[in-house]
Amino acid sequence: MEDNRDSIKKRLDNVFIEKMAFAVYKLSDEQRSKSLLRDCIGMQARDLLKLYMELENEFHIDFNTLVLDGNFDKYDCLLEYIVSNIGEKNVN
């Protein structure tokens, strides 16, 4: 499962870097658990819409539950949600 988690994290980071032009690797551990909409991070609400579409395209899972729970704007929550929805499936 750890290999899958690492692969999922790399794919998630790639979406941020390649599709969103966002340097996710610069986020501290604390920032990864907080809202990406915070002033010190710099994303805006419109960025979340694009992120939503890019993540659905990349992972082929529904993120509505995460949005409704109010956690779609947190990197750590995104990662955990994707890992829990993909599980042991082949992630390549």
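This briefing describes the fold, surface, salt bridges and selected residues of one protein.

The model is a predicted one. The protein has five helices and zero strands. Its 92 residues give a radius of gyration of 12 Å, which agrees with the value near 12 Å that a compact globule of that length would have. The structure holds four salt bridges, and three of them are described below.

**Overall fold**

- Read from the N terminus, the elements of the protein follow the order α-α-α-α-α.
- Helix 1 covers residues 2-19 and helix 5 covers residues 75-86, while helix 2 takes in residues 29-33.
- The C-alpha trace spans about 35 × 25 × 20 Å along the principal axes of the protein.
- Among contacts in the protein with a separation of 6 or more, 56% are between residues 24 or more positions apart.

**Burial, surface and charge**

- Of the 92 residues, 41% count as buried.
- The accessible surface of the protein is about 5,600 Å², and carbon and sulfur atoms account for 46% of that surface.
- There are 13 positive and 18 negative side chains in the protein. The centres of these two sets lie 4 Å apart.

**Salt bridge between helix 1 and helix 5**

- Arginine 5 and glutamate 80 form a salt bridge in which the closest N and O atoms are 2.5 Å apart.
- This pair links distant parts of the chain, with arginine 5 in helix 1, glutamate 80 in helix 5, and the two positions 75 residues apart.
- Glutamate 80 has a relative accessible area of 40%, so it is partly exposed.
- Arginine 5 also falls in the partly exposed class, because its relative accessibility is 24% and the class begins where the buried range, under 20%, ends.

**Salt bridge within helix 1**

- Lysine 9 and aspartate 13 are joined through their side chains by a salt bridge, with an N to O distance of 2.9 Å.
- The two residues are four positions apart in helix 1, which means that about one helical turn separates lysine 9 from aspartate 13.
- Lysine 9 is partly exposed, at a relative accessible area of 30%.
- Aspartate 13 is buried, because its relative accessible area of 14% is under the 20% cut-off.
- Setting aside neighbours within four places in sequence, aspartate 13 is in contact with Val24, Arg32 and Tyr75.

**Salt bridge between aspartate 73 and lysine 74**

- The side chains of aspartate 73 and lysine 74 form a salt bridge, with 3.4 Å from N to O.
- Both aspartate 73 and lysine 74 are buried.

**Other residues of helix 1**

- Serine 7 is part of helix 1. With a relative accessibility of 17%, serine 7 counts as buried.
- The C-alpha atoms of serine 7 and isoleucine 17 are 15 Å apart, and the two residues are ten positions apart along the chain.
- Lysine 19 also belongs to helix 1. Its relative accessibility is 43%, so lysine 19 counts as partly exposed.
- Lysine 19 and leucine 51 are 32 residues apart along the chain, and their C-alpha atoms are separated by 8.1 Å.
- Apart from neighbours within four places in sequence, lysine 19 has contacts with Asn14, Lys50 and Glu54.

**Glutamine 31 in helix 2**

- Glutamine 31 is located in helix 2.
- The relative accessible area of glutamine 31 is 18%, so this residue is buried.
- Beyond its neighbours within four places in sequence, glutamine 31 is in contact with Lys26, Cys40 and Ile41.
- From C-alpha to C-alpha, glutamine 31 and glutamine 44 are 15 Å apart in space, with their positions 13 residues apart in sequence.

How values were computed
Residues are numbered from 1 along each chain as its sequence is written. This is a predicted model: local features need pLDDT of at least 70, side-chain atom pairs count only at pLDDT 80 or more; totals for chains, interfaces and linings use all residues. Side-chain values use heavy atoms; hydrogens and water are left out. The radius of gyration is taken over C-alpha atoms; the globule rule is 2.2 Å times the number of residues to the power 0.38. Buried means under 20% relative accessible area, exposed over 50%, partly exposed in between (1.4 Å probe, protein chains only). Contact means heavy atoms within 4.5 Å. Accessible areas come from the Shrake-Rupley method with a 1.4 Å probe; for residues, only the protein chains shown count as cover. Lys and Arg count as positive and Asp and Glu as negative; His and the chain ends are not counted. The place of a charge is taken as NZ of Lys, CZ of Arg, CG of Asp or CD of Glu.
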